[in-house]
Amino acid sequence: MSVRGIRGAITVSVNEEEPILEATRKLLREIVDRNHVQPEEIVSVFITMSPDLDATFPARAIRIMPGWEAVPLMCATEIDVPGALERCIRLLILVNTELQANEIHHAYLGEARRLRPDLAER
Ligand SMILES: C=C(O[C@@H]1C=C(C(=O)O)C=C[C@H]1O)C(=O)O
């Protein structure tokens, strides 16, 4: 058993509470589905949003998911690099797993695929 990181990213169309929470849930579900992870295997979830997103804390979406109440969460603002992808939510999930690093499925959805085309997969 090792602790491994799973990455993901997604964009939202507007800086509003519900779209941010919905996109966060969608990205988390995609990562969970692709890697068959259970909440009790999760060490922590680190979330960043690009500086143009500030309508809510994306962690709120995860904390209210059944089974996820006790998972430590942290939100922060992504570095404001000129020209970086706008309205982007990024996740880093640390998980206790038997999977090898090359068996982890990251999830870069929609517009965010272009951040890491090598990891986007689907
Ligand atoms: C390219 C990304 O955006 C940023 C750059 C990263 C990198 O260069 O590895 C990782 C996370 C982000 O700070 C990404 O989310 O993967």
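Two strands pair if DSSP finds at least two bridges between them. Strands are DSSP runs of E with at least two residues, numbered from the N terminus. Residues are numbered from 1 along each chain as its sequence is written. The structure is a predicted model, in which local features need pLDDT (the predictor's confidence in each residue, from 0 to 100) of at least 70, side-chain atom pairs count only at pLDDT 80 or more, and totals for chains, interfaces and linings use all residues.

**View 1. Overall sheet and confidence of the model.** Five strands make up an open sheet of mixed pairing, ordered E3-E2-E4-E1-E5. Its edges are strand E3 (73–77) and strand E5 (107–108), each of which pairs on one side only. Mean pLDDT for the protein is 95, with 98% of residues at 70 or more. The ipTM is 0.96 and the pTM is 0.96.

**View 2. Pairing of strands E1 and E4.** Strand E1 (residues 2–11) and strand E4 (residues 88–97) run antiparallel and are joined by ten bridges. Ser 2 has Thr 97 in E4 as its bridge partner. Further along, Ala 9 is opposite Arg 90 in E4. Of the ten residues of E4, seven are buried, so the strand is mostly covered (buried: 20 or more other C-beta atoms, placed from the backbone, within 10 Å of the residue's own; exposed: 12 or fewer; partly exposed: in between).

**View 3. Strand E2 between E4 and E3.** Seven bridges pair strand E2 (residues 42–49) with E4 in the antiparallel sense. In this pairing Ser 44 faces Leu 94 of E4. With E3, strand E2 pairs in the parallel sense over five bridges, and Val 45 stands opposite Leu 73 there. E3 is hardly covered, as the count of buried residues among its five residues is zero.

**View 4. Residues around the ligand.** The ligand is surrounded by Ala 9, Glu 78, Arg 90, Leu 115 and Arg 116; a residue is near a molecule if its C-beta atom, placed from the backbone, lies within 6 Å of it. This shell has two nonpolar residues, no polar ones and three charged ones. Here Ala and Leu count as nonpolar, Glu and Arg as charged.

**View 5. Annotated binding-site positions.** In the unreviewed UniProt entry, the annotation "binding site" covers Arg 7, Arg 90 and Tyr 108; such annotations may be inferred rather than shown by experiment. The three positions span 102 residues in sequence, but no two of their C-alpha atoms are more than 8.9 Å apart, so they gather at one spot.

**View 6. Surroundings of Arg 90.** Arg 90 belongs to strand E4. The residue is buried, because 21 other C-beta atoms lie within 10 Å. Apart from neighbours within four places in sequence, its contacts are Ala 9, Ile 47, Thr 48 and Glu 78; two residues are in contact if their C-beta atoms, placed from the backbone, lie within 7 Å.

**View 7. Surroundings of Tyr 108.** Tyr 108 is part of strand E5. With 23 other C-beta atoms within 10 Å, Tyr 108 is buried. Neighbours within four places in sequence aside, Tyr 108 is in contact with Gly 8, Ala 9, Arg 113, Leu 115, Arg 116, Leu 119 and Ala 120.

Note on methods: Helix = DSSP H or I, 4+ residues; strand = E, 2+ residues; numbered from the N terminus.
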